[in-house]
Amino acid sequence: MELKQLFKVSSLAAAIALAGCGGDINISEGDIDNSVNNSNNTTNNNTGSTPTTPTTPDTPVTPDLPGEESTFLSNEVSQALGQDVTVRTLTGRLIPTDGDATVTLTNDVVWAVEGPLFVGNDNADQVDLEIEPGTIVFGRNGEDYIVVSRGSKIEAQGTATNPIIMTSYNDVIGGEVAPGQWGGLVILGNAPSTKCPQDGSDCALQVEGAQEGAVFGGTDSADNSGTLNYVVVKYAGFEIAPDNELNGITFGGVGSGTTVDYVQVHSNADDGFEFFGGSVNAKHLVLTGNLDDSVDWDNGYNGRIQYVFVEHATDNSEANRGIEGDGDGGDGTAFSAPVVANMTILGNTYDTADKDSEGVLLRDQTGATLMNFLISGPEGMGECLEADEGSDEEPDTTVTANLADGTITMTNSVIACSEPVKSGTTDLEAWFTGQDGNMIVDVTDDSAVTALGINTDGSITSESTLLGAGADPSAVDGFFDSVDYIGAIGTNDWRQGWAFGYGGGTINVVNSASGCPAGTVTISSVDGTTTTCELSGTVTSDVTLTAGNLYSLSGAVFVGGDNENSATLTVEPGVTVFGESGEDYIVVSRGSQIDANGTASSPITFTSRQHVVGGLEAGTAGQWGGMIILGNAPSTKCPQDGSACALQVEGAQEGAVFGGTNSEDNSGTLRYVRVMHGGFEIAPDNELNGITFGGVGSGTTIEYVQVHKNADDGVEFFGGSVSAKYLVLTGIQDDSVDWDNGYNGNMQFVLVKHAEDGSDANRGIEGDGDGGEGTAFSNPMVANMTIIGNSFDTTDADSEGVLLRDQTNAQLYNFVVTGAAGECFEADLSDGDTTLEANMNGTNDPQLTFQSSVLACSENIKNSGDFDQETWFTSQANNSLLGADAAVLNGIYTIDATTAVDVNALNSFFTTTDFIGAVKDADNDWTAGWTVGLE
C-alpha cells in the first residue's frame, strides 16, 4: 500500500524558501513481514492523568515490526486520515534479540506509545531506535513518553520535506489540541553533570518526569545518543509535581557526539528543551507556544547552540522565559557554561502573579557566552533580561561575580522591550550596554523600531539594521557557522517547509473528530460552544473552510508561495474567520486563489476575536490585521525594462510581493464577504488595509463586499486591473477607497459612510498614480458612488469626499458626495506636479472626467494651485454644487433627480442605471440583509 498526504509541508515565497521544500509525505510499505497479532484497544484519551510507575516488560526485537497492531486505533486514525492506516502500539522496553540491536519505526505505519517506552536498559541491552523520514509517533496522555536509555541511541532522521512528527492522539485524529496531551521525549547519556558524585564514583541521576530507573550522568563528554534531525514535537509535557515534569525534549547528561539539528517543540506544557548537564550541541531550534521556559539548562551544561527561534503564544496565553539558565550543582562544582549564538526571543503579554512572558533569566552557578541575541515583545511583556542575584537576606554571589568577571557575557545583541532589564545588585542595564555591540532600542521611537525590520513571523527584512550588526561566532568556536547578523533568522528562513506554523509539521487530517477540515488544527472553542479551527503558516494544498466552525488565524497566513506551491482557499457561506492582533492577517500569494463565495443570507465574515466573543459592539478598528490579495497584473512600479517584477506590498512581512504582465490574472472570488475591525499601521505609509489588492487582475471577481471599521484604508488598489461592484465601506478611519501604481480597473455601486458618531475618518477616495516619470497614469472608471461624510475635523485629518493627486486620471460618473466636514472634491495641484492639471485642462488625452454628479458639502471644492477646479467641475455635463443641507439622500437612498450617465454604453462591465449614487431606493437595496453599520 502507499499512504499519501499524511502530512502537509510547504515552502514560503521563493525569496525566503528553503530550496526544494514542499510536497507531501509518502508513506510506503517496505519489504517486511506483516504477520502480526491483532488487539482491540479501547483506551480513552484521559489527558491530564498522573503518570504511574508501570512495570516495563522486555519487548524483544524480532524480524517483524515491533509492537502490536491496534484494531481500534487503526480504525480511528484511518477514519481521520481518509485512508487505510495501520497503527501499532509500543510499550515497555525495547531490547535486542538474536544480535539485532536495531529497531526501525517505518513510515508506512503510525506508531502509538502506550505508557513509558524505554529504548534499551541502562547501559545494557543497547538498542538503536531508527525512525524513518515522515513517520508519525503519538501518545494519548501524560503517561505516554519515550526514554532513550544510557548507551542506546535514537536515530530520528527526517528531512526538510518529510519531518518526523511526535505528537498527541488528538492531533492525529483532528481533535482539540492543547499542551500536555502526551508525555514527550527523554534522552539520557553518560556525559558529566555537576550533580554527579564529586569523588569520582559511579553516577546515576534520576531524571525528572520519568519513572524510577531512568538515570543519566557519567564521565564521557563525547557520548553519542544518536541523531535528531528535522523532528517536530507537539502538544507534550506533563508536570508530575513542582520541579518534576516532562519537558518537550529532556536531555540528561547527553554528550557532544549526539547530533541535534532542525528540531521544534511546539505548545508544550512545561519547558521546550531542558539540558541537565552534558555537552550536547544543537542548531536550528524552533520553540513556539510553550507554557514554561523555552530553553532551560542546569547541572553544569556546557554545550553550544546556534540559531534558536523562540516565540511565545501569539494569542498572549501562558508563557514564561525564553531562557532560564542555572548551574544548580552545589558548592565547589563547575558552573554551567553554554555558548549560545543567534537567538531570537519574541514574547507576549501574558502576566500573572505567578509568572509572565520574559526574555532571558540567568541564575545561580551559571556562566554563559551569549551573542547575536534579539529579544523583543509587545508592551506588557515582562523583563527581557534578568540576572537573579537573590535577595538582601539571601544573596547569590555567584551570578554577581560571573557578571563582573566575564564568566557571563552578552555581546552584539539587541533588546527592544518596554522593560529592557530587571536589575538586582548589579546595574544590569549598564552591564549590558557596556558590552561590545549591544543596544537597547527605545520601543516608543517608531523609526528605531522600524529600522530593526522585524517581520510578524520573526524573520527580518532585507533592509534590517540587524544584518551586518552581529559578531562572527565561528571565531569563538569552530562548531558555529560564520554569520554577521543578529537574531536566529537571517536572509534564509530555515524554518520554512518543515516546522509547524511555517509550512510543515502538520498531519493532513481529512475527517477530523471535531469537524475541523484538513489543513487546520482544532483548538479550544473561542466562544465556549463552537468548534474552533486554527489556520497558520503557509497553505500549499487546497483547503476548504467548512461551515459550522469558527476559524482562527495564527500570525500571517499565506495561501501558496509566490507563484509556486499554489493553492486555493475555499471559504463556505456563513463562515467566520478571525484574528486577535495586528500580526494576524491573510495573504493570497501570486498564483494562488481565494474562493470566498457567500450569499446575502449567509455572508462570509473576516473579523476580530473580540467581535466573535463579545458581539458586534465589542468590535473596534485595528483589532486584527486584514486581507491581502496579490496578483501578476501590471503596476507602474514594475521595472520599465520588462524584467521580472516583484514588488513588496505594504503591511505584510517581506516576501509578500506582487506585479507582473498579466492584466487578466485571476486571484479568485470575493462575493458577499465582510471584512471587519481590521487594519494595522506598522509605520507611516506601511499599513495593513481592510483589503489590499496588489497587482490583482481583471479575471478576479469582487462583488458584494463590505469593509467595516478599519483602522487604515478600506480597500487599496496597488496597480492591477481588478474590477468591483457593490462595495460598502463604513466607519473607515482613513481613506475608504485608495488607488495608485497605475490602477485601471472599474467600480460601480460603491457606498461610503463615515462613522455615525463623528469619529475618525478621512477621504471617500484618494486617487494617485505614483508610478514615476514616463509611466502610465492610474485611470479607473468609477460609477454610482455615494460618499456620506461626518463631522470629524482635526489639524491632521478630516472627513472629505474625493481627493485626486499626481499621476492619476479617472472617469467618474453618477456620484453623490455630502455631509463631509471638509471639502467634497479636491484635485491636489499644490506640490508642483503638472500631470494631474494636464489631465484636467485639455492637454492630455484622455481627459479626467467627472459627470452627472452632485456635491453637497459646506466646502464643495478646494482649489489648490492656479487651476479653477470649480469651473472645471460645473462645466461638465449634469453636475451640481449644492449646499450642505441640500436634500440629496434619504438615509443611503438617492432622492436627487440628476440625470445619470448610461455607463454601460461606455463599458460593458457597468450596469445601466436611471439614478446617481450607489443605492436607488428601498425596493432596490442591494445592501439589505448582509451588511452592518448602515442603520
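Okay, a quick term before we start: when I say two residues are in contact, or that they pack together, I mean heavy atoms within 4.5 Å. And keep in mind that this is a predicted model.

Let's begin with helix α1, residues 71–81. Its buried residues are L73, S74, V77, S78, A80 and L81. Around the axis they cover an arc of only 160°, so they sit on the same side of α1. What do those buried residues of α1 pack against? Quite a list: the strands β6 (68–70), β7 (87–95), β9 (110–119), β11 (136–139) and β36, plus the helix α2 (169–173). Right after α1 comes G82, and its phi is positive, near 75°.

Now helix α3, which runs over residues 397–405; here the buried ones are T398, V399, N402 and L403. Looking down the axis of α3, you find these buried residues within an arc of 130°, so they line one face of the helix. Flip to the face turned away from the buried side and you get the exposed residues T397, A404 and D405. As for what covers the buried residues of α3, that includes β29 (358–362), β31 (385–387), β32 (408–411) and α4 (428–433). This helix is also followed by a glycine with positive phi: G406, near 85°.

On to the cores. The largest nonpolar core has 71 residues, and the ones with the most contacts inside it are F606, L670, V737, W739 and M747. Strand β40, residues 550–559, contributes the largest share of this core, with 4 residues. Apart from that core there is another one of 69 residues, including V103, V119, W297 and A368.

Let me zoom in on L670 for a second. Skipping neighbours within four places in sequence, L670 is in contact with I594, A596, M627, I629, I691, T701, I702, E703 and V705.

I702 turns up again if you look at A724. That alanine lies in strand β55, residues 723–730. Is A724 buried or exposed? With a relative accessible area of 1%, it falls under the 20% cut-off, so A724 is buried. Not counting residues up to four places away in sequence, A724 touches I702, N746, M747, Q748 and F909. And if you want a distance to check on screen, A724 and G560 are 24 Å apart C-alpha to C-alpha, with their positions 164 residues apart in sequence.

Last topic, the empty space. The count comes to 2 cavities of 30 Å³ or more. The second largest cavity holds about 70 Å³ of space. Its lining has 13 residues, with D171, G174, V509, T520 and V521 lying nearest the centre. By class, that lining is 6 nonpolar, 6 polar and 1 charged. Strands β36 (506–507) and β37 (521–523) each supply at least two of the lining residues of this cavity.

Then the pockets. How big in volume is the second largest pocket? About 970 Å³. It is lined by 46 residues, and nearest its centre you'll find A313, T314, D315, E534 and S554. The class split for this lining is 16 nonpolar, 21 polar and 9 charged residues. β37, β38 (532–539) and β40 each give at least two residues to the pocket lining, and β40 gives the most, with 6. That's the β40 that also supplies the largest share of the largest nonpolar core.

That's my tour; over to you.

Methods
Residues are numbered from 1 along each chain as its sequence is written. This is a predicted model: local features need pLDDT of at least 70, side-chain atom pairs count only at pLDDT 80 or more; totals for chains, interfaces and linings use all residues. Side-chain values use heavy atoms; hydrogens and water are left out. A nonpolar core is a set of buried Ala, Val, Leu, Ile, Met, Phe, Trp, Tyr and Cys residues joined through side-chain atoms within 4.5 Å. Buried means under 20% relative accessible area, exposed over 50%, partly exposed in between (1.4 Å probe, protein chains only). On a 1 Å grid over the protein atoms alone, a cavity is a set of points where a 1.4 Å probe fits but cannot get out, and a pocket is an open set with protein on both sides within 12 Å along at least five of seven lines; lining residues have an atom within 4 Å of a point. Grid points are joined across faces, edges and corners, and a volume is the space filled by probe spheres set on the points. Ala, Val, Leu, Ile, Met, Phe, Trp, Tyr, Cys and Pro count as nonpolar, Asp, Glu, Lys and Arg as charged, and the others, Gly among them, as polar. The arc is that of the directions from the helix axis to the C-beta atoms.
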